[in-house]
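I opened this one up to practise reading a structure piece by piece. These are my notes, in the order I looked things up.

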Amino acid sequence: MNSILNLLSLAWKQLSRHKLRTGLTVLGVASGMFLFTAVETMQRSLSTATQTTAADTTLVVYRENRFCPSTSRLPEHYADEIRTIPGVREVVPIQVVVNNCGASLDVITFRGVPEGKLTSYAPEIEVIEGSLEEWNRRSDGALLGEVFAQRRGLSPGDRFVAAGVTVHVSGVIRSPFPQDNNVAYVDLAFLQQASKSGLGVVTQFNVRVDTADKLEPVADAIDERFHNDQQPTNTRPEKAFFAETANELIELIGFTRWLGVGAVIAVGGLVANSVLLVVRGRVKENAVLQTLGFPGKAIAWLVMSEGGILGLLGGVLGVALAAGFLGWQSFTLGNEGQTLAIQPDAFVVSTGLAASLVLGLLASLWPAWRAMRQPIVESLKS
């Protein structure tokens, strides 16, 4: 253990002798890791929003061949028929109003739910500012998701207008599900009238089933029930619904994977170049260390330690800046009424730090091998 600490201490002393070069290398690595962390955050957010798990028990009933909420119009009385289907535990009619159906970085989404149904529709919601009682008391009250409120700079008591709807902020909520943190919940009847869609007409139904294995049979039963109706339905699991309606976002975020690959290659090349310059500039010093009894492997480990330190320092700086920036800005991508919060988490941060350390070590392999294989006599003559 002491030998490892001594090796790291010596590596740090060697790097600190050339502060400008070390600082520039760390900044270059930080730039690459900033981009890598941003890309991984988008990929992670998309994966969380679209990958179905055994805990998912929610179906979305939408108008067939419709995507934008303004084009999906279903009779509210469908809820009574859906409740009679075996396996259905809860049915909540929902009116969705958005300010923009296309791909956008600032989508405002209103969700209207029936009076008294919010806690059964989303029992995991926690009111962190304001009160649920205030929301129930006011017909124009709105409960804003935490990310939504932060992005717009809104707090309880404020009023704001969007998509032709004027609401009073009654509270701010927090939820483990990203969709809830990016919307404004309002009363269903109020939203139906404010958006001029009319009473008795909703955008969708959210259906909770007893267990995850009943998602498919219940979805088939719902669509079969309304197949010959004037307003046929298309029922899918909630995350599959997001994946289908937000396909433009998925294609866009999928492309960013190449940016992450480019950032990784750039970081590896930068560290390798910097360490190689260090090795070339320290040929005689390494030869002296070898004459004092340092084996070639110890020289190689010293070089790799320097590369690992450069990678880790740049990684810590880049990942911290990316996580802080994304958390502060609260970016939200939206398309066809579906929103995706770009929020870093502990997994992304740990992945970024581990990647920067591994890249630093891998990039140092070739310089370390050269330093280890350099003959002592030639090094002293140089």
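**Salt bridges.** I started with the rule: a salt bridge is a side-chain nitrogen of Lys or Arg within 4 Å of a carboxyl oxygen of Asp or Glu. I tried it on D210 and K214, and their side chains do meet in a salt bridge, at 3.5 Å from N to O. D210 is partly exposed, with a relative accessible area of 37%. K214 is partly exposed as well, at 32% relative accessibility.

Worth writing down before I go on: this is a predicted model. So how many salt bridges does the rule give? The count comes to eight.

I looked up D80 and R83 next, whose side chains meet in a salt bridge with 3.1 Å from N to O. Both sit in helix α3, three residues apart, which means about one helical turn separates them. For D80 I noted a relative accessible area of 49%, so partly exposed. R83 has 37% and is also partly exposed.

Then came D140, which forms a salt bridge with R138, and the closest N and O atoms there are 3.0 Å apart. Is D140 buried or exposed? D140 is buried, with a relative accessible area of 14%. The cut-off I needed is that buried means under 20%. R138, at 25%, counts as partly exposed. This pair has company: R138, D140 and R159 are linked in a network of salt bridges.

**Strands β7 and β8.** R159 led me to strand β7, residues 159–162. Which residues are on the covered face of β7? I found F160 and A162 there, while R159 and V161 make up the uncovered face. Strand β8 covers residues 165–174, and four bridges join it to β7, with the two strands running antiparallel. One partner I checked by name is V165 in β8, which bridges to A162. The hairpin of β7 and β8 has two residues between the strands, and A163 takes a positive phi there, near 55 degrees.

**S175.** Following the chain past β8, I stopped at S175, in the loop between β8 and β9 (184–187). At 7% relative accessibility, S175 counts as buried. I wanted to know what S175 is in contact with, leaving aside neighbours within four places in sequence. The answer is E124, I125, D180 and N181.

**Helix α8.** In this helix, residues 215–225, the buried residues are L215, V218, A219, I222 and D223. Why do they line one face of α8? Seen down the axis, they fall within an arc of 130 degrees, so they end up on one face of the helix. On the other side of α8, E216 and E224 are exposed. I also looked up what covers the buried residues, and the cover includes β1 (58–63), α3 (78–83), β3 (88–98), β11 (204–209) and β12 (233–237). So α3, the helix with the D80 and R83 pair, turns up in that list too.

**Helix α13.** This helix has 18 residues, 346–363, and reaches 26 Å from its first C-alpha to its last. That is close to the 26 Å expected at 1.5 Å a residue. The buried residues of α13 are V348, G352, A355, S356, L359, G360 and A363. They cover an arc of only 130 degrees around the axis, which puts them on the same side of α13. A346 and L362 are on the other side of α13, and they are exposed.

**S305.** My last residue lies in helix α12, residues 296–329. S305 has 11% relative accessibility and counts as buried. How far apart are S305 and L10 in sequence, and how far in space? They are 295 residues apart in sequence but 9.2 Å apart in space, C-alpha to C-alpha. Not counting residues up to four places away in sequence, S305 touches L7, L8 and A11.

**Confidence.** I finished with the pLDDT values. The protein averages 81, and 82% of the residues score at least 70. Where is confidence lowest, and where is it highest? It is lowest in helix α15, residues 376–381, with a mean of 54. Strand β2, residues 74–75, has the highest, at 92.

Note on methods:
Residues numbered from 1 in each chain as written. Predicted model: local features only at pLDDT ≥ 70, side-chain atom pairs only at ≥ 80, totals over all residues. Heavy atoms only, no water. Buried < 20%, exposed > 50% of the residue type's maximum accessible area, 1.4 Å probe, protein only. Pairing = 2+ DSSP bridges. Expected span 1.5 Å × (residues − 1). Arc of directions from axis to C-beta. Contact = heavy atoms within 4.5 Å. pLDDT = per-residue confidence, 0-100.
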